[in-house]
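This report looks at the overall build of one protein chain and then at the nonpolar cores inside it. Please keep the sequence and the model in view while reading.

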Amino acid sequence: MLANLRKHLFSPVLLIGWVLIIICYLFSKQPDYLILLTFAQLVLVPAMLKMVVAFDKKGHVIIIAMMLAVTLLHWLADSELAIYLAVVYVLYTAFIALQGLIRFLQRGFTNTAEIAIDIGLIYIFIGGLWFFAYIAEIDTGFSPLITWLTAIHFHYSACLLAISIGLFGRIHKSKGYNIVVLILLTGPLLVALGITFSTIIEIVSVALYIGAIYWLFTLSLKTSLPRRQGLLLRISYGSLCLTILWSLLYAFGNFTGIILVSIPDMLTFHGLVNCLLFGLVGVIAWGLEVPKSTHQPFTFPVSRIRGKLHTTGDAHAGLVDALQDFVDTRKLPQVIPHFYEQTNCYRLNASVQWRAWFKPLAFIYQGISRWMQQLNLPLTSKQVEMNGVIVKVDERQDGRHAPRAWIRKIDEQTTFVAIYSQHTTAQTTYMNIALPLPFSTMIGILYVYEKDGELHITSSRGGDAGIYLAMKHYVFRLPLNEHFTISAKNETTLSAVHTMRIFGLPFLRIDYQIEQK
């Protein structure tokens, strides 16, 4: 563990940070409280970054340039060079935010712990912008001190805390953790909005934040951790349970006019405890042993087709060659496998129903969908006929096994172009469906199962299942889920219900009546 600590806190780059912070502390001409932010900039944030991002030589040069710029600002804050030095810091934070974005594009909306780390990396850019506003003396509508406090807020309460809870999430898994992460990741923005627009929002957001902090501390007590690391991490999270109360008292004073905690009090107690007990102790805790990510890269085959599908082959009979590849068809009415294997023998009528809250977005999107000729659904719920044809697609063009495109139209408008294939992972065969989009492809990996004589096809069953977007070499999961329920009405007629959710909220339902021609 001590070897890990030397690696993460006293690497050659971090040693430069330690030397520079000592110089700033001993000889700086700036007010003493500014050292709280400088310590995060030179030591704490770079140490945490090196635990979650693999920097090359270029990255190390950028970090060192940032350290020198921040240090020089302690003596050149009133000179013409100050803005240029602040720009160096903003560019550094933009570089770090880019690392967070790249990490996110490799996974998307999956693995809460890694998303927390991504957002922490992105938050540092907001802190950099507020720091620039302070140095450049930009009129933000607040006093220079409040502008500086907002910068430190996004370094400690946003960046450092988000990365810390992300590392904690690599060890701990629970629904409670996911709720805590949601509150703590949105908290910095809500608090900032409250400070800007409404003290009521500020008090409510701080109250939620307090609850989440105490919940996080409780989860840390219940989680098995190495002895030294567990002790230090609980001290780090426990210190937040104390300092957050000062934030509540400060917000209460702003709301009522009864000053219980002043800005100097916040700097003395809240700032110093957060810097040393939360920040430094927390960084040391994770420096002892950095948990490994639990995310596994996506390995399923992805269609190489981007944009419109221009080249197709001969007609093909069905969406799949044999539904038996996915599910035991002996438990299903025979009309269901027949539809999937001989799809061209059926006609479809559909009724599209958008949820009321989503209709304005659907209206805006319709102009784009008509141009793309993809995912081009009507706004009306009136039943319409969908004419469809299935054609082969060249494997060399698509890159997957036996692809075939189901092209559906309403009147003369193309509604869907879905290229069907399949793949098997860990003895489970999934439908692998690609919907080409401009410069990208939406991928639906769907799990198939039978229940009570009905066929269910879903993107929310674990394993590979999910809805993804492929752009260049990135494949990331979208916050979408879909579910099909197909049932037989008689030997020649089926009904199907297709529902879709975004962030768990239902926004679309399509009812199909399917009849054999």
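A contact here means that heavy atoms lie within 4.5 Å. On that footing, among contacts in the protein chain between residues at least 6 apart in sequence, 66% join residues at least 24 apart. The model is a predicted one, and its protein chain contains 14 helices together with 12 strands. Taken along the principal axes, the box filled by the C-alpha atoms is roughly 85 × 50 × 50 Å.

Of the 517 residues of the protein chain, 52% count as buried, while the area that the chain exposes comes to about 24200 Å², with carbon and sulfur atoms supplying 62% of it. As for charge, the protein chain carries 40 positive and 30 negative side chains, and the centres of these two sets lie 5 Å apart.

Two of the nonpolar cores are set side by side below.

| Nonpolar core | Residues in the core | Some members |
|---|---|---|
| Largest core | 84 residues | F39, Y156, L161, I165 and L184 |
| Another core | 53 residues | A350, I457, A496 and L508, among others |

In the largest nonpolar core, the residues that touch the most other members are F39, Y156, L161, I165 and L184. Helix α3, which spans residues 35-52, gives this core its largest share, namely 14 residues. The other core, of 53 residues, lies apart from the largest one.

Which residues does F39 touch, not counting those up to four places away in sequence? With that exclusion, F39 touches W18, I21, L44 and Y156, as well as C275 and L280.

Notes
Residues numbered from 1 in each chain as written. Predicted model: local features only at pLDDT ≥ 70, side-chain atom pairs only at ≥ 80, totals over all residues. Heavy atoms only, no water. Core = buried A, V, L, I, M, F, W, Y, C linked by side-chain atoms within 4.5 Å. Buried < 20%, exposed > 50% of the residue type's maximum accessible area, 1.4 Å probe, protein only. Helix = DSSP H or I, 4+ residues; strand = E, 2+ residues; numbered from the N terminus. Areas by Shrake-Rupley, 256 points an atom, 1.4 Å probe, with all protein chains shown as cover. Lys, Arg positive; Asp, Glu negative; His and termini not counted. Charge placed at Lys NZ, Arg CZ, Asp CG, Glu CD.
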